[in-house]
Amino acid sequence: MPEDGDDLDAAQILTALQKLSNRVQYGRGAVWGHLAWAGTLAASGTAAAPVVLVGAIESCPLLATDNVWRPYYTSGETTLGASHIDGGGSLAVSSWYYVYAWSDAAAPTTLKFQITTTPPTASAAATIPRLWKRDQSANYRYLGCFPTDTAGSPYPLRKTGGRVLYRRSGLASGTALLASNGLRMLDRGSAQTSFTAIDLRPVVPPHSRAALLRLTAIGDAAPDTAELALYTGTDATTGAPAATAYTINNAEVRLDVEVEIAQAAQSVTYKLTNGAAGAINGRIDALGFLE
């Protein structure tokens with residue numbers, strides 16, 4: 001009852017209820033997109049027996065097919081394997097796989113996981129990352145991704161937050177070329193004076209905007225210099241290099257860098273030059289990427 005003793009009328013009740021309803025809807029909307037997660041994920045194993053470790057999830061609200069929102073959590077690290085591959089079977093060769101947490105209305109109390117080739121981007125905007133699996137907006141929450149080699153085995157990697165690092169020691173030869181299941185994208189033994197693109201798609205997912213790379217420049221024994229310059233897309237024609245590895249004589253210089261990549265082509269551009277006519281060598285290895 002109001003202080004003056006008068007009864008509440010319908011308008012007053014509706015006003016109060018509307019305020020409560022607005023606050024509930026605001027709170028629910030804020031929770032829908034919230035993911036409280038350790039942010040860690042690791043991939044290894046083989047095509048037939050992949051091993052994906054997902055860090056502890058404190059809270060992951062999902063909307064199952066029964067149109068009910070529910071909060072989910074895990075009590076620790078979860079190990080995913082072949083049984084979580086979308087459609088069953090083994091991992092495909094030379095492909096990108098994405099990991100999701102999802103809810104099934106048939107078993108609504110259990111948080112489920114899926115490993116699939118369907119990315120967290122819209123088909124009309126394949127380079128723009130979203131929080132959910134393609135064609136989803138409230139289920140199949142995106143957690144991370146990994147590529148497979150020519151045998152279908154995951155490239156071993158570890159994700160911490162939005163930073164993903166390849167485990168080079170987990171490969172038969174981390175310094176082999178990409179075609180041989182290594183992480184080396186360039187191994188050139190002579191000068192390259194024109195701007196030349198390097199395709200990062202085998203080791204950087206389409207939605208990533210930055211790559212972690214290692215530049216190596218090796219000069220000639222004679223008095224000479226070696227300069228390996230890295231550019232982002234069309235910046236090569238006008239701007240300064242994003243990174244440069246420079247050495248003199250036969251010294252070897254390595255430089256680990258984080259660089260923006262050209263989004264449309266998923267590439268970077270390089271030049272390898274020297275001051276004299278001696279032999280030089282330039283190498284570019286993938287260390288990881290940022291999401």
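Is His 34 buried, partly exposed or exposed? In this predicted model, His 34 has a relative accessibility of 44% and therefore counts as partly exposed, since the partly exposed class lies between the limits of 20% and 50%. The residue is found in the loop that runs from helix H1 (10-32) to strand E1 (36-37). Leaving aside residues up to four places away in sequence, His 34 touches Ser 59, Pro 61 and Arg 141. A further spatial relation concerns Leu 131: 97 residues separate His 34 from Leu 131 in sequence, while their C-alpha atoms are 9.7 Å apart in space.

Helix H1, which precedes this loop, also holds Leu 17. With a relative accessibility of 48%, Leu 17 counts as partly exposed. Together with Ile 13, Leu 14 and Leu 20, Leu 17 makes a nonpolar surface patch of about 390 Å². Residues enter such a patch when their relative accessible area is over 30%, a condition that Leu 17 meets at 48%.

The description now turns to strand E13. This strand spans residues 192-199, and Gln 192 is part of it. Gln 192 has a relative accessibility of 15% and so counts as buried, because the buried class comprises values under 20%. Two polar contacts involve the side chain of Gln 192: one of 2.8 Å to the side chain of Ser 194, and one of 3.1 Å to the side chain of Thr 196. When residues up to four places away in sequence are not counted, Gln 192 touches Tyr 270, Lys 271, Leu 272 and Thr 273.

Technical notes: Residues are numbered from 1 along each chain as its sequence is written. This is a predicted model: local features need pLDDT of at least 70, side-chain atom pairs count only at pLDDT 80 or more; totals for chains, interfaces and linings use all residues. Side-chain values use heavy atoms; hydrogens and water are left out. Helices (H or I, at least four residues) and strands (E, at least two) are DSSP runs, numbered from the N terminus. Buried means under 20% relative accessible area, exposed over 50%, partly exposed in between (1.4 Å probe, protein chains only). Contact means heavy atoms within 4.5 Å. A polar contact is a pair of N or O atoms within 3.5 Å; within protein, one must be able to donate a hydrogen and the other to accept it, and residues adjacent in sequence count only if both atoms are side-chain atoms. Patches are made of residues with over 30% relative accessible area and no salt bridge: like charges are joined within 9 Å, nonpolar side chains (Val, Leu, Ile, Met, Phe, Trp, Tyr) within 5 Å. Accessible areas come from the Shrake-Rupley method with a 1.4 Å probe; for residues, only the protein chains shown count as cover. A salt bridge is a side-chain nitrogen of Lys or Arg within 4 Å of a carboxyl oxygen of Asp or Glu.
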